[in-house]
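The following exercises are to be worked with the sequence and the three-dimensional structure at hand. Each task is followed by a solution in steps.

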Amino acid sequence: MLTHEQYQRYQNEGYVILKGFLTEQETAHFRDSARDDLRRQAEAGETMQKGDKAGNTTLLKMWYEAADDVYGYVARDERLVTIAQQIIGKDTYLYSHKMTMKEPRKGGAWEWHQDYGYWYQNKCLSPEMLSIWISLDKSVKENGCLQVLKGSHKLGRIDHVRVDGQTVVDEEYLNAAIERFPLVYAEMEPGDALIFDCNLLHRSDANTSDMPRWGYIASYNAVENEPFRKVRDYGHFQVLKQVPAGTLLTAKSKVPA
């Protein structure tokens with residue numbers, strides 16, 4: 001659960017970073033398990049590829065439910081669930097969870113957007129939603145850490161348009177927002193967590209370093225705010241079966257068949 005100070009910072013700035021959210025042991029287990037599994041899936045063509053306008057590619061894996069594996073155990077970990085429920089203030093469920101994989105010298109940029117810019121189009125009526133982004137690697141400017149416009153969540157939802165395969169904020173409104181709100185590079189250590197509002201403007205640069213930059217994102221929604229019409233295979237209500245903190249350590253690496 002967030003402290004009073006952390007909660008107020010989230011409300012005022014649209015995000016808060018929690019240092020050492022996962023322990024070193026948990027982070028190493030999660031990272032090593034995911035690396036083995038998802039790199040194997042990428043080689044088999046079982047992950048998505050999201051390109052940027054420069055031709056770089058970020059690998060993406062999304063799960064539509066929280067299974068009894070390392071990814072599902074993190075999504076259902078009581079530490080994440082308690083924070084989501086605290087902030088949303090209503091019965092909450094897991095909207096989606098995914099891994100973004102910016103490999104060295106390859107990982108592409110994500111342009112400025114709000115998550116609710118997507119989720120509104122997915123028929124979620126209200127912005128009673130948030131994400132928890134956990135860094136599995138050191139995340140710094142050089143390898144494309146998240147950037148946020150501090151306080152920009154107070155603008156509410158801004159119109160988004162489709163450009164170069166990405167859904168991005170309308171340029172005129174973006175330029176005005178950049179003039180008004182300070183840009184922050186959310187640099188993080190492995191195991192740190194960034195909790196952020198669904199209307200917070202954020203982006204990331206391409207990975208120009210020799211370091212990978214993998215991040216796991218669990219997104220939560222108010223139960224009463226589930227999409228009113230199905231336009232995606234994910235995001236629909238499923239009972240959130242919370243697990244004790246650290247359950248991810250019981251998940252074993254997947255062995256190829």
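**Exercise 1. A short strand and its neighbours**

Which residue in E12 is the bridge partner of Val148? Describe also how the strand that holds Val148 is placed between its neighbours.

*Solution.* The model is a predicted one. Step 1: the bridge partner of Val148 in E12 is His202. Step 2: strand E7 covers residues 146-149, and E7 pairs with E12 in the antiparallel sense over three bridges. Step 3: E7 also pairs with strand E10 (residues 183-185), again antiparallel and over three bridges; here Leu149 stands opposite Leu183. Step 4: in a regular strand, side chains alternate between the two faces of the sheet. In E7, Leu146 and Val148 point one way and Gln147 and Leu149 the other, and all are buried.

**Exercise 2. The seven-stranded sheet**

Determine the strand order of the open sheet, identify its edges, and state which helices lie across it.

*Solution.* Step 1: the order of the seven strands is E1-E11-E6-E13-E4-E3-E2, with antiparallel pairing. Step 2: strand E1 (15-18) and strand E2 (48-51) pair on one side only, which makes them the edge strands. Step 3: on average, neighbouring strands of this sheet are turned by 25° against each other, direction ignored. Step 4: E4 and E13 run antiparallel and are joined by ten bridges; Ser96 stands opposite Ser219 in E13. Step 5: helix H1 (residues 4-13) lies across E1, E6 and E11, at about 140° to E1. Helix H4 lies across E1, E4, E6, E11 and E13, at about 150° to E6.

**Exercise 3. The ends of helix H4**

Describe the residues at both ends of H4 and state which of its residues are buried.

*Solution.* Step 1: at the N-terminal end, Asp77 acts as the cap, with a side-chain oxygen 2.8 Å from the backbone nitrogen of Arg79. Step 2: Arg79 also lies over the face of Phe21, 5.9 Å from the ring centre. Step 3: H4 spans residues 78-88, and its buried residues include Arg79, Leu80, Val81 and Ile83. Step 4: just after H4, Gly89 takes a positive phi of about 75°.

**Exercise 4. Two loops in contact**

Are Gly107 and Asn207 buried or exposed? Give the loops in which they lie and the contacts that link them.

*Solution.* Step 1: Gly107 belongs to the loop between strand E4 (92-102) and strand E5 (110-113), whereas Asn207 belongs to the loop between strand E12 (202-204) and strand E13 (213-222). Step 2: Gly107 is buried because its relative accessible area is 0%, and Asn207 counts as buried at 2%; the cut-off is under 20%. Step 3: Gly107 touches Asn207, and its other contacts include Asn56 and Lys102. Step 4: the side chain of Asn207 reaches the backbone oxygen of Lys102 at 3.2 Å.

**Exercise 5. Aromatic pairing**

Classify the geometry of the Phe30 and Tyr216 pair and explain which parts of the chain the pair ties together.

*Solution.* Step 1: eight aromatic pairs are found in the whole structure. Step 2: Phe30 and Tyr216 are 5.2 Å apart, centre to centre, with 70° between the planes. Planes over 60 degrees apart count as edge-to-face, so the pair is edge-to-face. Step 3: because Phe30 lies in helix H2 (residues 24-43) and Tyr216 in strand E13, the pair ties together parts 186 residues apart in sequence. Step 4: both residues, Phe30 and Tyr216, are buried, and they form one aromatic cluster with Trp63 and Tyr71.

Methods: Residues numbered from 1 in each chain as written. Predicted model: local features only at pLDDT ≥ 70, side-chain atom pairs only at ≥ 80, totals over all residues. Heavy atoms only, no water. Helix = DSSP H or I, 4+ residues; strand = E, 2+ residues; numbered from the N terminus. Buried < 20%, exposed > 50% of the residue type's maximum accessible area, 1.4 Å probe, protein only. Contact = heavy atoms within 4.5 Å. Polar contact = N/O pair within 3.5 Å; in protein donor to acceptor, adjacent residues only side chain to side chain. Pairing = 2+ DSSP bridges. Axes fitted to C-alpha atoms, helices over the stretch in contact; angles between N-to-C directions. Phe/Tyr/Trp six-rings, centres within 6.5 Å; stacked < 30°, edge-to-face > 60°. Lys NZ or Arg CZ within 6 Å of the ring centre and 35° of its normal. Lists of a residue's contacts leave out its neighbours within four places in sequence.
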